Structure formats: C-alpha cells, structure tokens
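This report goes through the fold, the core and a few selected residues of one protein chain. The sequence and coordinates come first.

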Amino acid sequence: MKVSYNKLWKLLIDLNMSKSQLREKSGVTTNVIAKMGKNENVSTEVLCKICNKINVPFTIYANQ
C-alpha cells in the first residue's frame, strides 16, 4: 500500500509549523521525519504521537 503524508504537510502549513518544529514538539527523531518526507512507512505509534501533539484525530484512510 502506498503511503502519503501530503495532508499532514498541508496541515503544518496551516498551523504555520515547520517539520523541525513538528519533530521537536512530538519528540520523534529526524529519521522518522525523513522517512515521512519520502512517503515511507512509520509506525502507528509514531503517527499517534504526532497527532496527539498537534491536536488532530488519528484516522487511517485505506485505499484512497
């Protein structure tokens, strides 16, 4: 299954937040942000952590 984080990157723009700020706020590593930048898989634990820190619900949309 193909992964895309485009909606997250667009949300960061709306929140006026950089990827570095997201990394610092959520406590994830630079490697995780790099993987997401390449649309690679990361754990759901990481995604939940990010969503909790930016106050958005974690929802998975499969096959869309």
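Of the contacts in the protein chain between residues at least 6 apart in sequence, 45% join residues at least 24 apart. The model is a predicted one, and the values below are computed from it.

**Fold and dimensions**

The protein chain contains 4 helices and 0 strands. Its pattern, read along the sequence, is α-α-α-α. The radius of gyration is 11 Å and the globule rule gives 11 Å for 64 residues, so the protein chain is as compact as a globular protein of that length. Along the principal axes, the C-alpha atoms fill a box of roughly 30 × 20 × 20 Å.

**Surface and charge**

The protein chain has an accessible surface of about 4800 Å², and carbon and sulfur atoms account for 49% of that surface. Of the 64 residues, 27% are buried. The protein chain carries 10 positive and 4 negative charges, and the mean positions of these two sets lie 3 Å apart.

**Nonpolar core**

Which residues have the most contacts inside the largest nonpolar core? They are Trp9, Leu22, Met36, Val42 and Ile50, in a core of 15 residues. Helix 1 (6–14), helix 3 (30–37) and helix 4 (44–53) are the elements that give two or more residues to this core.

Trp9 can be followed further through its contacts. With neighbours within four places in sequence left aside, Trp9 is in contact with Lys19, Leu22, Met36 and Gly37. Two of these partners, Leu22 and Met36, are also listed among the core residues with the most contacts.

Leu12 is found in helix 1. Is Leu12 buried or exposed? Its relative accessibility is 2%, under the 20% cut-off, so Leu12 counts as buried. Not counting residues up to four places away in sequence, Leu12 touches Met17, Ser18, Lys19 and Leu22. Lys19 and Leu22 thus appear in the contact lists of both Trp9 and Leu12.

**Pairs distant in sequence**

Three residue pairs illustrate how separation along the chain relates to separation in space. The distances are C-alpha to C-alpha.

| Pair | Apart in sequence | Apart in space |
|---|---|---|
| Ser4 and Glu40 | 36 residues | 8.0 Å |
| Leu12 and Ile54 | 42 residues | 9.2 Å |
| Asn6 and Asn55 | 49 residues | 17 Å |

Ser4 is found in the segment before helix 1. With a relative accessible area of 44%, Ser4 is partly exposed. Asn6 is found in helix 1. Asn6 counts as partly exposed, because its relative accessibility is 41%.

**Backbone at two asparagines**

Most residues other than glycine have a negative phi. Where is Asn39, a residue with a positive phi, found? Asn39 is found in the loop between helix 3 and helix 4. Its phi is about 55 degrees, although Asn39 is not a glycine. At 29% relative accessibility, Asn39 counts as partly exposed.

Asn55 also has a positive phi of about 55 degrees and is not a glycine. Asn55 is found in the segment after helix 4. Its relative accessibility is 70%, over the 50% cut-off, so Asn55 counts as exposed. Asn55 is also the residue paired with Asn6 in the table, at 17 Å.

Technical notes
Residues are numbered from 1 along each chain as its sequence is written. This is a predicted model: local features need pLDDT of at least 70, side-chain atom pairs count only at pLDDT 80 or more; totals for chains, interfaces and linings use all residues. Side-chain values use heavy atoms; hydrogens and water are left out. A nonpolar core is a set of buried Ala, Val, Leu, Ile, Met, Phe, Trp, Tyr and Cys residues joined through side-chain atoms within 4.5 Å. Buried means under 20% relative accessible area, exposed over 50%, partly exposed in between (1.4 Å probe, protein chains only). Contact means heavy atoms within 4.5 Å. The radius of gyration is taken over C-alpha atoms; the globule rule is 2.2 Å times the number of residues to the power 0.38. Accessible areas come from the Shrake-Rupley method with a 1.4 Å probe; for residues, only the protein chains shown count as cover. Lys and Arg count as positive and Asp and Glu as negative; His and the chain ends are not counted. The place of a charge is taken as NZ of Lys, CZ of Arg, CG of Asp or CD of Glu.
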